[in-house]
Amino acid sequence: MKRISLSLKLVLSCSVLTSVLAFVPLSRWSSQYQQHQPSSSSVRRKAFFADLVEGIKEDKQKQDFIEQKRVLGSQENLMLPRQYAPGSEKFPQMTHVCAVVLSATPSVSVFKKALEEAMSVHPLLNARIQGDGEPDKRIDLMQMVRQGEPNPCTFVANEPLSADSVLTIFNNVATEEDLTNAWKKAFVEDMDDVESTWCDKENGPLWKVEWHRPSSSSAANNKPCALVFSLNHAISDQSSVNRLIDQILQNVASLEQKQKIAPRSKPQQIPMSVEDSILGPGRRWSDIGPGGVSLKTIGYVLGKAAEGLKNPVILPEKKDNEKEGNPILGALSIIAGKTAGGRDESSNARETTAKFRTLSEEKTSQLLRQCRANGVSISNALTTAMALTVTDFMVDDEAGVPAVSRNFKVLQSLDMRRFGRQLDKGETVACMAGSHDLMLGPFADGTGKALREKPTERRLDKFWKLAKESKQQTEQFVRTGGPEEAVRVFDFAMTIADLNNLVHLTAQSKDTQGRAYSAGVTNAGVYERQRAFEREGADERELLQIQHGKYKIDDLYFAIPHTRSGCLYPVSCMTVNGEFKFTFHPMSPLVSEETNSQFADDFLDMLEVVASGEVVVDESEESELITTLKNNGLPILATAVGTLAVASHAGAFVSFLQSLMEMKQNTPDPSDFWSALNFWIFFAVGHPILQPILWISDVLHGTPGPMVAGLVPVLFLAGNAAFIAAFSMSQQIRTAVNIAAVAAFFSYVGAGLDGTAGLGDFNLALDDPYKGQIVKGCPAYDEVRQPSMENFDLEKYQGLWYEQKFHDWTQFKEVYDTTLGIKLTDGGLGWVDDFAVKGPAPDSAKLSWDKSPVANGAHYFLFGRVDPNDPPGILREKGFGVEFPNYIVDVQKDPKTGEYTESIQFQCLERGGVRVFEGINFMSRNPTMTDDEVAAMHSRAEQAGMYAYGASPEQMHTVGRRPLDAGDVDNNWQAMWRAIGLDKVLELLTESIEDGGR
């Protein structure tokens, strides 16, 4: 019916236009040839004609509306949010709320018309969501890794909606106090609308406006009013809402002054996602997979991981001395589909506590001058002030916890339109929000209070040094392509995993209470410096204006909720008409309303102090160096020792990265590069992780004294309790231990790269050298194949082999009694290797080797194929995502039976001309070999040219063996393993792996 009525209206309008034209003198259309002075009646006819054309144009625009669609980007899916079907809970939307107080109140009819015109040109203001975003299947045990997405969440921009579909009017304001209370109440209620009661995503719209007007309509026009915009954050950011406010107010003023909207707003297309704006269209993970990943991406991920070294504080100290849980264990718990530290039963009762503050125009101007004098931006000063203010709120005065120094992680929000390809120009309502993490500190508890109360020269200097550090970190982030890599990594994570469920689990965690940052700053800049939305016929977009007609913006505040997850202390701010407007919106009950009010006041006091630049003298002030050493002695020591340890392998790391870059450049298929690198990473990480386990195990079983149940020494338990207590109570110890652990890890990997951690089992270098010469790539089979391989019979090669020596970083020197059971499958076209080991070896763990759950052996299986096109003696081995040839280089035969008695195997993996892995195995049918027999094997390997690949005696590890008649290990620990059924589990696992590979 609507489309028919619009058509009818258009026909009638054209009929009237024809009638009008019939009575207009011909000279009206030939004025370019004749001078004509228009009469008053002709002026009226002009106005009537213009209004008529405007009406026809508006109706035609509505009639020609074409539905627009776009699949949501990853950032939008987080904010929507995309739901998680296996879960029982519905995730609430992330709501962006903005309140604006106007100096006067327009009429309802004018405002609705102004609002509808603005709505009509922005597709996302008329949009709904189509699709559930569920994958084809989830492919991991925890049901969080996604594969495919047949029905993605999609924006569908409907026909322009009416104002009534989004606008709710409250004629509830009698006084200015009533107005303030009304909009503040609506602001907080919409922030905490966890049930998303007002937003029907499937049908739209995805936003709403509350209008709080004077209760007396007769005097309403000259009294202030307030608008509260609430939008699903997937469709908006603050710069978009600023432009929308300006657009509506300009429409209102135009309607009141001209009785029409002129010039009209320019219709826009549905905006692109932030991923497309930054990376370019067709560059999402779903489009190109790992093809967009570079060494910059790897560096970004490693940098984010390294942030954990500083152990930033995210929760205040409690009276009962409860501490944040171990971040590594917490991450593993969440990945396993559980909440870290157990579920916080009060998580669903969290609320926003909001406080609104204004920094005067004078103080704002002073602060800007101080920032310019110190070469930093306002945002740099804000992030510093937030971090320092938080130092005053980390310890309860009654908790009895000594003051310590802490590191702080500050979330700095960014307008992502400014980065990467910069394809979004802010022409329509959209969300282009992003962020950057700042790591600031360490600061002693109470640093902010000390600055506010006694702004000495040293303290003020420290403030500006920290602001410069904030600037430097931000510039480094931008210069190194951080915004692009952040978007790329997040897009990857959101595409392959149910990240919204991980956020949900983090939000419910007792350990973190959903907190990931010490503080957060969103600075939306200066309102009047932003460009307005486009108007038809305009050469360029105008700047936003504080006032249109009689409607001036008196106040403007905004925020997004941090109730589920986010920052401990977030603030959102913007400069409007020279004044700084702040919204402080942390989560209650973690931060009470009273505490938030005090925090807001202290924060503004600090800004006023640094803005004034006035200095006081305090001769008793301790030097900064002494304070730093007192509060951070252990972490500084751990950092210094750890840095030296890692730096000692700097050359090896540089060589590795150079080879890695060469490999990536020369590998046409990115998936081949990544599979090889992942193969390397898996074992490079596995070796250093094993070392502390073995060390702790030997400490456990070497501790003297009485035992608990004949298993664990009482003294060991007491020592653990003492360590845990110290770790929990001392921030210095926690930080130092974390730093030392990460440094030890990288140092051990570095030792593997330069060959000092054991050439036999941990020679990690790519294209590693031999006798000072770099040996590139892998040899062809003919280059190493020995004459003994003539007439090789693969059938006879089957059976049990005892490994004697190896050069192979996929193996561990800590195991012993290694055997390989080789069997052909699939009619000789496939093969399986039953790799049996025991561990740890007595030489590796002298006190604990016999307590191990695998002291009596464990099996894992390697699978491969026999390619008929290969010469006899090549087996294709597959595992951990890669396939590489396994050369049988040399065999020895029993002179009587002709059976194979000894074998040399050589595996080699190459990508892009770079050798990633080489493995060499000396094997025999007998459990032991004489020294002469082993020496002879080395000699044959040398003749084959394999010394350059690791076959020399000093490059190989000898496999330990217990006597054949030693029997199984049996003690209290083995009895315990049997009692809990571990032996049965290992048997079932072995059978399932073997069956799965057939």
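This talk covers a buried strand, an open sheet and several salt bridges in one structure. Keep in mind that this is a predicted model.

Let's start with strand β9, residues 225-232. How many of the residues of β9 are buried? The count is 8 of the 8, so the strand is largely enclosed by the rest of the structure. Look at the two faces. In a regular strand, side chains alternate between the two faces of the sheet. On one side of β9 we have C225, L227, F229 and L231. On the other sit A226, V228, S230 and N232. Both sides are covered.

Which strands pair with β9? One is β2, residues 95-102, antiparallel to β9 over 8 bridges. To find that pairing on screen, go to V97, which stands opposite S230 of β9. Another is β8, residues 207-214, also antiparallel, with 6 bridges to β9. Here the marker is W207, opposite L231 in β9.

Now a spatial neighbour of the start of this strand. E176 belongs to helix α5, residues 176-191. E176 and C225 are 49 residues apart in sequence. In space, their C-alpha atoms are 8.9 Å apart. Is E176 buried or exposed? Its relative accessibility is 62%, so E176 counts as exposed. C225, by contrast, is buried.

Next, the open sheet. It has 6 strands, in the order β11-β18-β17-β14-β12-β13, and the pairing is mixed. Which strands stand at the edges? They are β11 (355-359) and β13 (433-444). Each has a single partner strand, so one side of each is left without a neighbour in the sheet. From one strand to the next, the twist averages 20°.

At the β11 edge, the partner is β18, residues 579-584. These two run antiparallel and share 5 bridges. R357 faces F582 of β18 across that pairing. At the other end of the order, helix α14, residues 457-479, lies across β12 (405-415) and β13. The helix runs at about 145° to β13.

On to charges. Side chains of opposite charge can pair when their charged atoms come close. How many salt bridges does a search of the whole structure find? It finds 45. I'll pick out a few.

First up, R406 and D445. Their closest N and O atoms are 2.7 Å apart. This pair links distant parts of the chain, 39 residues apart: R406 is in strand β12, and D445 is in the loop between β13 and α13 (447-453). R406 is buried, at 1% relative accessible area. D445 also counts as buried, at 17%.

Then D555 and K581, with closest N and O atoms 2.5 Å apart. Again the pair joins distant parts of the chain, 26 residues apart. D555 is in strand β16, residues 551-559, and K581 is in strand β18. So β18 pairs with β11 and also carries K581 of this salt bridge. The two partners differ in burial. D555 is partly exposed at 21%, while K581 counts as buried at 4%. The cut-off for buried is under 20%, so D555 falls just outside it.

Further along, R876 meets D870 in a salt bridge, 2.9 Å from N to O. D870 is buried, with a relative accessible area of 17%.

Last, a network. Which residues are joined by salt bridges that share partners? They are R82, E134, R138, R146, E149 and D498, in one network.

Terms used:
Residues are numbered from 1 along each chain as its sequence is written. This is a predicted model: local features need pLDDT of at least 70, side-chain atom pairs count only at pLDDT 80 or more; totals for chains, interfaces and linings use all residues. Side-chain values use heavy atoms; hydrogens and water are left out. Buried means under 20% relative accessible area, exposed over 50%, partly exposed in between (1.4 Å probe, protein chains only). Helices (H or I, at least four residues) and strands (E, at least two) are DSSP runs, numbered from the N terminus. Two strands pair if DSSP finds at least two bridges between them. Axes are lines fitted to C-alpha atoms, for helices over the stretch in contact, and angles run from 0 to 180 degrees between N-to-C directions. Contact means heavy atoms within 4.5 Å. A salt bridge is a side-chain nitrogen of Lys or Arg within 4 Å of a carboxyl oxygen of Asp or Glu.
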